[in-house]
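Q: Please take a close look at one helix of this model and at what surrounds it. Follow the connections outward from there, and give reasons where the numbers allow them.

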Amino acid sequence: MLHNARARAASNKISAAGLKSIEDVCIRDAVALQEAAGLEAITDGEFRRTHYLVDFMTGFSGIVPTNTSYALAFKGEGGASGETRSMLTVNAKVKRTRPVMIEHFKFLKSLTRRTSKFCLPSPTWVHMRGGRKTVAESVYPDIAEFWNDVVKAFHAEIADLAAAGCTYLQIDEISFAFLCDAGIRERVRADGLDPDQLTQAYARLVNEIAAGAPASMAVTVHTCRGNFQSMWMAEGGYDRVAEIAFDQPDVDGYFMEYDSARAGGFEPLRYVPKTKKVVLGLVSSKKPEMESKDALKRRIDEAAKFFPLERLCLSPQCGFASTHHGNKVTEDIEKRKLALIVEVANDIWGTAA
């Protein structure tokens, strides 16, 4: 229904108000689905977004979409591939001139008595995909000024989210996982950037954004290797970045993709401070095959060799759709996977909260 409504809105067959009313219905259904599965933290499925990153970042003045491709392509099973056109460029000083997604959160919060969780994309992807090709020196001669403006914009949005009652914020930071990939590191070098320096700069930046949240708001960081129509873009374990990426005192926990061999082993978890939480993304949101309950428990036991079991959690490896295209997983499979996660969590920790 939502796909059809978006297509009709794009061809001016329904109004923006008409699309919003359909989004409202679909978000209500998504909330009901999550509650029925037993989840305690509820999202709106990002059903008002076309793309998890672009819709939010272009809500700031000074950042615009280019609809151009980039040298990295998505990869899938059986050799499937696809390019991405989520490029953004900075054509003026970055400012938050209005709330970007506060009304999205308010609607979600009105639908559930459980914890309303909201997700914001990390801004690092804007810069990592081209460096000075996307953030021109003519606009920002000093790159530090660009990051300062971005942080101010995020802090203003976070303050309004907190005022609206948000107590759980997730920052979707894919660069950490991407900078583990040897091929992507070479692409970054070709753009005139140093991947190790980027890891340090991005870790500081994301922590600075998290530092703007009030004490009443938990802030987690999610990282993955790409999620588009069941395809991925990066591979490689967290070993390259772990010691730096987890040095973020103002971040409360990490959602980490661990559903395939592309993510490597659990050894890098030893760098996560034991005061934080680690959410193991062991259940694939890309593949329709159901995971084994026993296999999930064995994987959690393996992770517990490097991080305390009582500080571990379980989740899907990523969202079931990071863009409006979705993944090759049916709604029924999604329901079953979420229910499996809750069941395993209850078995191990006695709660799915």
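A: What follows starts at helix 4 and then works outward through other parts of the chain.

The model is predicted. Helix 4 covers residues 102–111, and the buried residues in this helix are Ile102, His104, Phe105, Phe107, Leu108 and Leu111. An α-helix has 3.6 residues a turn, so residues three or four places apart point the same way. The buried residues of helix 4 pack against four elements: helix 2 (16–37), strand 1 (41–42), strand 6 (115–121) and helix 6 (143–163).

Among the buried residues of helix 4 is a histidine, His104. His104 has a relative accessible area of 18%, and it counts as buried because the cut-off is 20%. With neighbours up to four places away in sequence set aside, the contacts of His104 are Asp44, Arg48 and Phe118.

Two loops can be placed next to elements that helix 4 packs against. The loop between strand 1 and helix 3 (54–57) holds Glu46. Phi of Glu46 is near 55 degrees, which is positive although the residue is not glycine. Glu46 is buried, with a relative accessible area of 17%. The loop between helix 1 (2–10) and helix 2 holds Asn12. Asn12 also has a positive phi, near 60 degrees, and is likewise a residue other than glycine. Whereas Glu46 is buried, Asn12 is exposed, at a relative accessible area of 70%.

Helix 6, another partner of the buried residues of helix 4, contains His155. The relative accessible area of His155 is 26%, and His155 is therefore partly exposed. Beyond four places in sequence, His155 touches Glu208, Ile209, Ala211 and Gly212. The two histidines can be set side by side: His104 is buried, while His155 is partly exposed.

Thr124 comes next, in helix 5 (residues 124–128). Thr124 is buried, and its relative accessible area is 0%. Its contacts, again without residues up to four places away, are Trp147, Glu173, Ser175, Tyr202, Leu205 and Val206.

Strand 9 (residues 253–257) contributes Phe255. Phe255 counts as buried because its relative accessibility is 9%. Leaving out residues up to four places away in sequence, Phe255 touches Lys117, Tyr168, Gln170, Thr220, Val221, His222, Thr223, Val279 and Ser315. Val241 is 14 residues from Phe255 along the chain, and their C-alpha atoms are separated by 15 Å.

The cysteines are a separate matter. A search of the whole structure turns up zero disulfides. For Cys119 the reason is distance: the closest cysteine sulfur is that of Cys166, 9.3 Å away, and this is too far for a bond. The cut-off for a disulfide is 2.5 Å between the sulfur atoms. Cys119 counts as buried, at 10% relative accessibility. Cys180 is in no disulfide either, and its nearest cysteine sulfur, in Cys224, is 12 Å away. Cys180 counts as buried, with 4% relative accessibility.

The last stop is a helix pair away from His155. His155 and Leu296 are 141 residues apart in sequence, and their C-alpha atoms are 37 Å apart in space. Leu296 is in helix 11, where it is one of the residues that meet helix 12. Helix 11 spans residues 293–303 and helix 12 spans residues 331–349; their axes come within 11 Å and cross at roughly 50 degrees. The two helices are therefore oblique to each other. The crossing is right-handed. On the helix 11 side, the contact uses Lys293, Leu296, Lys297 and Ile300; on the helix 12 side, it uses Leu340, Glu343, Val344, Asp347, Ile348 and Trp349. By class, the residues of this contact are six nonpolar and four charged, with no polar ones.

To return to the part asked about, helix 4 has buried residues that pack against two helices and two strands, namely helix 2, helix 6, strand 1 and strand 6. Its buried histidine, His104, has contacts with Asp44, Arg48 and Phe118.

Terms used
Residues are numbered from 1 along each chain as its sequence is written. This is a predicted model: local features need pLDDT of at least 70, side-chain atom pairs count only at pLDDT 80 or more; totals for chains, interfaces and linings use all residues. Side-chain values use heavy atoms; hydrogens and water are left out. Axes are lines fitted to C-alpha atoms, for helices over the stretch in contact, and angles run from 0 to 180 degrees between N-to-C directions. Angles under 35 degrees count as roughly parallel, over 145 as roughly antiparallel, 65 to 115 as roughly perpendicular and the rest as oblique. A crossing is left-handed if the near helix is turned anticlockwise from the far one by less than a right angle, and right-handed if clockwise. Contact means heavy atoms within 4.5 Å. Ala, Val, Leu, Ile, Met, Phe, Trp, Tyr, Cys and Pro count as nonpolar, Asp, Glu, Lys and Arg as charged, and the others, Gly among them, as polar. Buried means under 20% relative accessible area, exposed over 50%, partly exposed in between (1.4 Å probe, protein chains only).
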